[in-house]
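Colleague: Could you pick one part of this model and take me through it closely, step by step? I am in my first year, so please spell out the terms as you go.

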Amino acid sequence: MTSDNDHKQQRIDHFIDQNLKKVFSELEQDKMPDEIIDLLSVLRAQDEELKAKK
């Protein structure tokens, strides 16, 4: 069972992903660079670590 906060965070993450893809797509008419996807994964993992410590 997911909490409302988890659902809201998922919606925010999806919104950010979609907007980053749109920006990069408009710039290069290509998919989001792997480096950006990797960076987002690292940042999300760090965020989850911080949440787990609280």
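Modeller: A helix here is a DSSP run of type H or I with at least four residues, and helices are numbered from the N terminus. Leu40 sits in one of these runs, helix H2, and that helix is the part I will go through. Please keep in mind that the model is predicted.

A little background comes before the detail. The chain is built with two helices and zero strands. It has 54 residues, of which 6% count as buried. Its accessible surface is about 5,000 Å², and carbon and sulfur atoms account for 55% of that.

Now to Leu40. Is this residue buried or exposed? The cut-off for buried is under 20% relative accessible area. Leu40 has a relative accessibility of 17%, so it counts as buried. What does Leu40 touch, once residues up to four places away in sequence are set aside? Its contacts are Asp17, Leu20 and Met32. Take Asp17 from that list: it is 23 residues away from Leu40 in sequence, yet the two C-alpha atoms are 8.8 Å apart in space. Met32, another of the residues Leu40 touches, can also be placed relative to Lys22. Lys22 and Met32 are 10 residues apart along the chain, with 8.7 Å between their C-alpha atoms. Lys22 belongs to helix H1 and, with 49% relative accessibility, is partly exposed.

Next comes charge. Side chains of opposite charge can pair when their charged atoms come close. The structure has four salt bridges, and I will describe three that involve helix H2, beginning with those of Arg44. Asp13 and Arg44 form a salt bridge through their side chains, at 3.7 Å from N to O. Asp13 is in helix H1 and Arg44 in helix H2 (residues 34–53), so this pair ties together parts that lie 31 residues apart in sequence. Arg44 also forms a salt bridge with Asp17, where the closest N and O atoms are 2.6 Å apart. This second pair again links distant parts of the chain, with Asp17 in helix H1 and Arg44 in helix H2, 27 residues apart. Arg44 itself is partly exposed, at a relative accessible area of 29%.

The third salt bridge stays inside helix H2. Lys51 and Asp47 meet through their side chains at 3.4 Å, N to O. Both residues lie in helix H2 and are four residues apart, which is about one turn of the helix. Lys51 is partly exposed at 39% relative accessibility, and Asp47 is partly exposed too, with a relative accessible area of 32%. As for networks, Asp13, Asp17 and Arg44 are joined into one by salt bridges that share partners.

Finally, a look across to helix H1, which covers residues 4–28 and holds Ile16. Which residues make the nonpolar surface patch of about 290 Å²? They are Ile12, Phe15 and Ile16. Ile16 has a relative accessible area of 38% and is therefore partly exposed.

To put helix H2 back together: Leu40 is a buried residue that touches Asp17, among others. Asp17 also pairs with Arg44 in a salt bridge. Asp17 thus appears twice in this account, once as a contact of Leu40 and once as a member of the network with Asp13 and Arg44.

Key. Residues are numbered from 1 along each chain as its sequence is written. This is a predicted model: local features need pLDDT of at least 70, side-chain atom pairs count only at pLDDT 80 or more; totals for chains, interfaces and linings use all residues. Side-chain values use heavy atoms; hydrogens and water are left out. Buried means under 20% relative accessible area, exposed over 50%, partly exposed in between (1.4 Å probe, protein chains only). Accessible areas come from the Shrake-Rupley method with a 1.4 Å probe; for residues, only the protein chains shown count as cover. Patches are made of residues with over 30% relative accessible area and no salt bridge: like charges are joined within 9 Å, nonpolar side chains (Val, Leu, Ile, Met, Phe, Trp, Tyr) within 5 Å. Contact means heavy atoms within 4.5 Å.
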